[in-house]
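Colleague: I should be grateful for a close look at one part of this model. Please describe the sheet and the surface that faces the nucleic acid.

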2 protein chains.
Amino acid sequence: MGGRTPRAKAIPNPARDPVLKVMRPLVEAYWAFWLEASRYIRRLRLTPSQLDVIATLGDTEGMTCSELSAATLVTKGTLTGVLDRLEAKGLVERSAVREDRRCTMVRLTAKGDALFRKAFPAQIAHLKPFFERALAPREATQLREVLLRLRDSFRWRRGSRSRGGKRK
Amino acid sequence: MGGRTPRAKAIPNPARDPVLKVMRPLVEAYWAFWLEASRYIRRLRLTPSQLDVIATLGDTEGMTCSELSAATLVTKGTLTGVLDRLEAKGLVERSAVREDRRCTMVRLTAKGDALFRKAFPAQIAHLKPFFERALAPREATQLREVLLRLRDSFRWRRGSRSRGGKRK
DNA sequence: TATTGTTATACTCTATAACTATA
DNA sequence: TATAGTTATAGAGTATAACAATA
């Protein structure tokens with residue numbers, strides 16, 4: 001993914017419109033965060049999509065491909081390739097599902113789980129100072145609430161999809 | 001779909017750590033936003049990187065490739081290809097620079113500028129309701145401040161590169 | 001008929017590095 | 001030597017659609 005993003009440059013009247021007052025900072029804050037986070041991801045020799053899959057599978061007992069696709073925003077067709085590469089690295093495994101033989105269950109291998117358990121705390125520890133330097137604890141709490149409300153505002157509109165929605 | 005919802009993405013102790021309290025909502029809010037915004041981008045037949053370039057060039061008198069690369073986070077090597085495609089679409093043009101013949105100046109064509117002027121207000125208008133539904137004006141102001149601070153926290157660490165494109 | 005996962009196609013982006021032509 | 005932009009290469013992602021097996 002690694003989606004590239006419109007930096008929302010030169011949008012008209014950023015000072016006047018309350019929406020714009022938030023939109024650009026949102027994009028810029030996320031980008032700044034992402035730039036830092038993606039270094040770590042690369043060090044794991046994973047692409048963003050691959051990490052997305054690993055993170056989604058972490059702490060679960062596995063998912064079918066379609067569940068995984070819904071939970072990661074990796075489209076169905078792409079997922080096959082992503083899983084192929086993760087399987088080649090020995091991080092995930094596919095197995096048959098008895099009840100519905102169309103489905104394939106995907107789960108982390110021991111190696112994948114180990115990566116998940118090691119990589120995330122390390123990533124968090126690395127990113128933590130950036131947040132702590134910018135935010136007082138109370139602000140963090142407020143920020144969280146507001147961001148979640150914003151997230152939901154976008155999710156609602158997209159129809160009442162499965163509650164979990166897209167995670168990342 | 002029915003049954004199993006992917007367990008929350010298993011980042012350790014999201015409830016306790018104030019950093020984590022913000023990190024995931026940041027990512028999720030951005031993604032929800034991006035999912036909606038990217039629809040519009042696709043309708044313009046632009047890729048995210050291409051839009052990034054267009055948006056960066058908008059309201060400027062042009063930039064050299066290296067300036068553009070620095071302002072967009074599109075790497076030097078990739079930029080050539082992106083510009084080739086935008087040039088083929090008639091949205092940007094390259095021209096020589098007298099003072100330094102190694103440089104190439106890139107600017108929007110009339111067509112590119114028209115796209116920029118039309119597309120952005122439309123995009124904003126589309127996204128506005130999502131923000132307005134979620135945030136009171138005062139909250140928007142606060143959110144802006146906090147996000148900018150967070151952004152800067154990440155930027156500082158990366159050295160003091162000025163990342164704003166030259167504006168007219 | 002509908003769904004699941006795979007395959008196929010064509011394009012785009014990424015990272016890296018070598019190359020050229022200037023400076 | 002250093003810089004600007006291009007080219008080259010290998011790998012990976014995207015969108016879209018068709019497809020086989022199964023339900």
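**The sheet and the DNA surface**

Modeller: In this predicted model, Thr64(B) has Met105(B) in S3(B) as its bridge partner. That pair belongs to the antiparallel pairing of S1(B) with strand S3 (residues 104-108) of chain B, which comprises 2 bridges. The sheet of chain B is open, with 3 strands in the order S1-S3-S2 and antiparallel pairing. Its edge strands are S1 (63-64) and S2 (92-96), each of which pairs on one side only. Helix H4 (residues 76-88) of chain B lies across S2 and S3 of that chain, at about 115° to S2(B).

In chain A, Thr64(A) has Met105(A) in S3(A) as its bridge partner, and 2 bridges join the antiparallel strands S1(A) and S3(A). Strand S2 (residues 92-96) of chain A pairs with S3(A) in the antiparallel sense over 5 bridges, and Glu93(A) stands opposite Arg107(A) there.

Turning to the DNA, 22 residues surround strand D, and those that come nearest are Thr47(A), Arg85(A), Arg101(A), Ser66(B) and Thr104(B). By class, this surface has 4 nonpolar, 10 polar and 8 charged residues. Helices H2 (48-57) and H4 (76-88) of chain A, and H3 (65-72) and H4 of chain B, each supply at least two of its residues.

Of the atoms of DNA strand D within 4 Å of the protein, 76% belong to sugar or phosphate, the rest to bases. A phosphate oxygen of strand D lies 3.0 Å from a backbone N or O atom of Cys65(B). For Arg94(B), a polar side-chain atom lies 3.0 Å from a phosphate oxygen of strand D, whereas for Arg102(B) the partner of such an atom, at 3.0 Å, is a base oxygen of strand D.

Notes:
Residues are numbered from 1 along each chain as its sequence is written. Chains are lettered from A and ligands numbered from 1 in the order in which they are written. This is a predicted model: local features need pLDDT of at least 70, side-chain atom pairs count only at pLDDT 80 or more; totals for chains, interfaces and linings use all residues. Side-chain values use heavy atoms; hydrogens and water are left out. Two strands pair if DSSP finds at least two bridges between them. Helices (H or I, at least four residues) and strands (E, at least two) are DSSP runs, numbered from the N terminus. Contact means heavy atoms within 4.5 Å. Axes are lines fitted to C-alpha atoms, for helices over the stretch in contact, and angles run from 0 to 180 degrees between N-to-C directions. A residue is near a molecule or strand if one of its heavy atoms lies within 4 Å of it. A polar contact is a pair of N or O atoms within 3.5 Å; within protein, one must be able to donate a hydrogen and the other to accept it, and residues adjacent in sequence count only if both atoms are side-chain atoms. Ala, Val, Leu, Ile, Met, Phe, Trp, Tyr, Cys and Pro count as nonpolar, Asp, Glu, Lys and Arg as charged, and the others, Gly among them, as polar.
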